[in-house]
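Colleague: I am new to reading protein models, and I would like to learn how to go from the whole chain down to single residues. Could you take me through one?

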Number of protein chains: 2
Amino acid sequence: MPPGFPELFRLGDGWEALHMLDQARLPGEECHVALRSAVDVARSIRTLQVRGAPAIGIAGALGLALELRRLARAGTAPAPEAARQAHDLLFAARPTGRNLGWGLRRVLEAFLDGYESDPGGSVDRACDAALGVWEGEVRRCRSIGEHALEVIPDAGATILLHCNAGALATGGLGTATAPLYLAHEQGRTLRAFAGETRPVLQGARLTAWELSRAGIPVTVVTDSMAGALMASGVVDLVIVGADAVAPDGTVVNKIGTYGLAVLADYHAVPFYVAAPSTTLEPRLEAMDIPVEERDDTEVRSCGDRLLVPPDASVWNPAFDRTPPHLITAILTEAGILRPPFAPRLRTLAQDTPGALPDG
Amino acid sequence: MPPGFPELFRLGDGWEALHMLDQARLPGEECHVALRSAVDVARSIRTLQVRGAPAIGIAGALGLALELRRLARAGTAPAPEAARQAHDLLFAARPTGRNLGWGLRRVLEAFLDGYESDPGGSVDRACDAALGVWEGEVRRCRSIGEHALEVIPDAGATILLHCNAGALATGGLGTATAPLYLAHEQGRTLRAFAGETRPVLQGARLTAWELSRAGIPVTVVTDSMAGALMASGVVDLVIVGADAVAPDGTVVNKIGTYGLAVLADYHAVPFYVAAPSTTLEPRLEAMDIPVEERDDTEVRSCGDRLLVPPDASVWNPAFDRTPPHLITAILTEAGILRPPFAPRLRTLAQDTPGALPDG
């Protein structure tokens, strides 16, 4: 990758620390924090120093392994009970995190499996499992990018992105950003527009930062400008990420994704969803649950500025749902899925070891 | 109107001051500034203490009359040259303001007409003309509201608004907000959603403030939530304002209007444009001029917070264009215009004395 490509995680020698890019300070400051225990990592998840489901999963898995290594180094070879406690402490930092729960479980199981017969090797096995979680995300991102390269025009492509489904969210090339990074690496010319993604502004703060760091020209627009931008004819395609993909192809993603899909449909701009198999939701009923509403202060203020008068209400849904007929294709690590999505998603879920188990 | 209805302008006895609501401080603080000269009024226009084309036109007209009255009171009965200087000073505060130029011209002409035969009455005539500009806006707003009441469901209407085409922009009931205020006055139940309208946030800061002040329940959403909101089925209609309406019915308005129109079309939600005859643009070619791009700092930061990394570009168009086929009807002071718009707009322009002359 280009020299400026963001390095999200770096492990210190002997697992003494996880050096992690502090995303809460971007784009104003660029610094890594040194996390030395499960408590440190749990705090970093809660304070949004790390965000993006895959990245949180990696941080949790590395954090659990690092904690076990720390206990071993301190002389108290960790017992299963201590491993379970560290697991629970990290899981409590984001109990709704699908990838976090999955990553932690893999590390804990690696530690416990064979503990009876070989307790001395358990920490090593936990560390290997944590590296496996990390490498799995990196590999899935690259595969998405390699497959999705074919949807990027050979030269002069202009791609509209939303939120941050990028390197900062995954520890690899990102999902929605992976084809851009690979095309750039190949020397193709391209440019991106990043929708700012109110209220938390991940597009402006994070996507614009990582693309410009990597040398890809990027222009930030407010979410309200997407229509005029598409009408101007400059957008060749839209790529968004996915928090969850239902068995029928309905995509749950950051609020604003659905509106972009409608606009893309109206302007005949291809609309792609980058979704590793870990985002496949096996139960259709799971899509019926109400969308999480986040704290209204996210909309009411920005920096030191009060934006909304106290007498007015605020609606702040975190996600929206995009129906499959608005989606051109789903970009996965196993290939590009085109409609009809249902049978192809079923096959993918069956064939892909990376897919998260139900629940 | 309800007791809380915002009072935008208040004239002190004998024109010694124009007390104007300081919109730059909303919604955090609610206070009126006392403007005592053309210099004061010009500064208030430049610093956005007053915004909205009609309101700026009123402020300019009242400011010119107030300046002439001030000169007369100070003992130096104003000569035509002084009146022209004050006119030019005020016009320079916003040279692109159609309503400002028109309002100032009316006051200056009233002063000059008959100056030769009756110089002593010129200041009175200028003041009457300024009050006429103000009353004309107030009257046009009320007429828009009275005609447009028929598009508001009798009970439980939910209306999505964009930007601020409200009382704060006009000195009257507003244009897009006028039917809401009149329906509320009649005791009908209704509620509004205000799109926050990045980057300058007029929806969150101003529309939410004036509606909640007047007792109309209002909920702020980010611009990216409009799609999910319409998909949820709660929106009965959308009403937006207009900066200019072309002879074919194309509407130039705040960035984001076009995207809302596409979303409304997709969800079969009626999309109305409130446009007094003063916004009719007589020349179709005028619609071809490039859209003004505003300073990128509006997008790059909010309050004390840097949102966009310095290496990323920003696109910040002030307006977009909505084609007539996406517009259900245009709400004017002469009635509701439905498609085909071209012949009806032509008739309106010919019949309406309020329409601004060409240029």
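Modeller: We shall begin with a whole chain, then turn to a helix, a core and a few residues. This is a predicted model, in which local features need pLDDT of at least 70 and side-chain atom pairs count only at pLDDT 80 or more, while totals for chains, interfaces and linings use all residues. Residues are numbered from 1 along each chain as its sequence is written, chains are lettered from A and ligands numbered from 1 in the order in which they are written, and side-chain values use heavy atoms, with hydrogens and water left out.

Colleague: What radius of gyration would a compact globule of 359 residues have, and what does chain A have?

Modeller: The radius of gyration is taken over C-alpha atoms, and the globule rule is 2.2 Å times the number of residues to the power 0.38. For 359 residues the rule gives a value near 21 Å, and chain A agrees with it, having 20 Å. Along the principal axes, the C-alpha atoms of chain A fill a box of roughly 65 × 50 × 45 Å.

Colleague: How many helices and strands are there in chain A?

Modeller: Helices (H or I, at least four residues) and strands (E, at least two) are DSSP runs, numbered from the N terminus. Chain A has 12 helices and 16 strands. Contact means heavy atoms within 4.5 Å, and among the contacts in chain A between residues at least 6 apart in sequence, 73% join residues at least 24 apart.

Colleague: Why does the span of helix α2 of chain A agree with what is expected?

Modeller: The expected span of a helix is 1.5 Å times one less than its number of residues. Helix α2 of chain A (residues 53–73) has 21 residues and should therefore span 30 Å, and its end C-alpha atoms are indeed 30 Å apart. Buried means under 20% relative accessible area, exposed over 50%, and partly exposed in between (1.4 Å probe, protein chains only). In α2(A), 16 of the 21 residues are buried, and in chain A as a whole 61% of the 359 residues count as buried.

Colleague: Which residues touch the most other members of the largest nonpolar core?

Modeller: In soluble globular proteins, nonpolar side chains tend to be buried together. A nonpolar core is a set of buried Ala, Val, Leu, Ile, Met, Phe, Trp, Tyr and Cys residues joined through side-chain atoms within 4.5 Å. The largest one here has 151 residues, and those touching the most other members are Leu180(A), Val238(A), Ile239(A), Leu180(B), Val238(B) and Ile239(B). Leaving aside neighbours within four places in sequence, Leu180(A) is in contact with several residues, including Ile152(A), Leu211(A) and Ile239(A).

Colleague: Is Arg51(B) buried or exposed, and which side chains does the side chain of Arg51(B) meet in polar contacts?

Modeller: Arg51(B), in the loop between α1 (38–46) and α2 of chain B, counts as buried because its relative accessibility is 13%. A polar contact is a pair of N or O atoms within 3.5 Å; within protein, one must be able to donate a hydrogen and the other to accept it, and residues adjacent in sequence count only if both atoms are side-chain atoms. The side chain of Arg51(B) makes such contacts with the side chains of Gln23(B), at 3.2 Å, and Asn164(B), at 2.8 Å.

Colleague: Where is Thr222(B), and what does Thr222(B) touch?

Modeller: Thr222(B) lies in the loop between β6 (218–221) and α9 (226–231) of chain B, and at 0% relative accessibility it counts as buried. Not counting residues up to four places away in sequence, Thr222(B) touches Arg198(A), Pro199(A), Val299(A) and Glu196(B).
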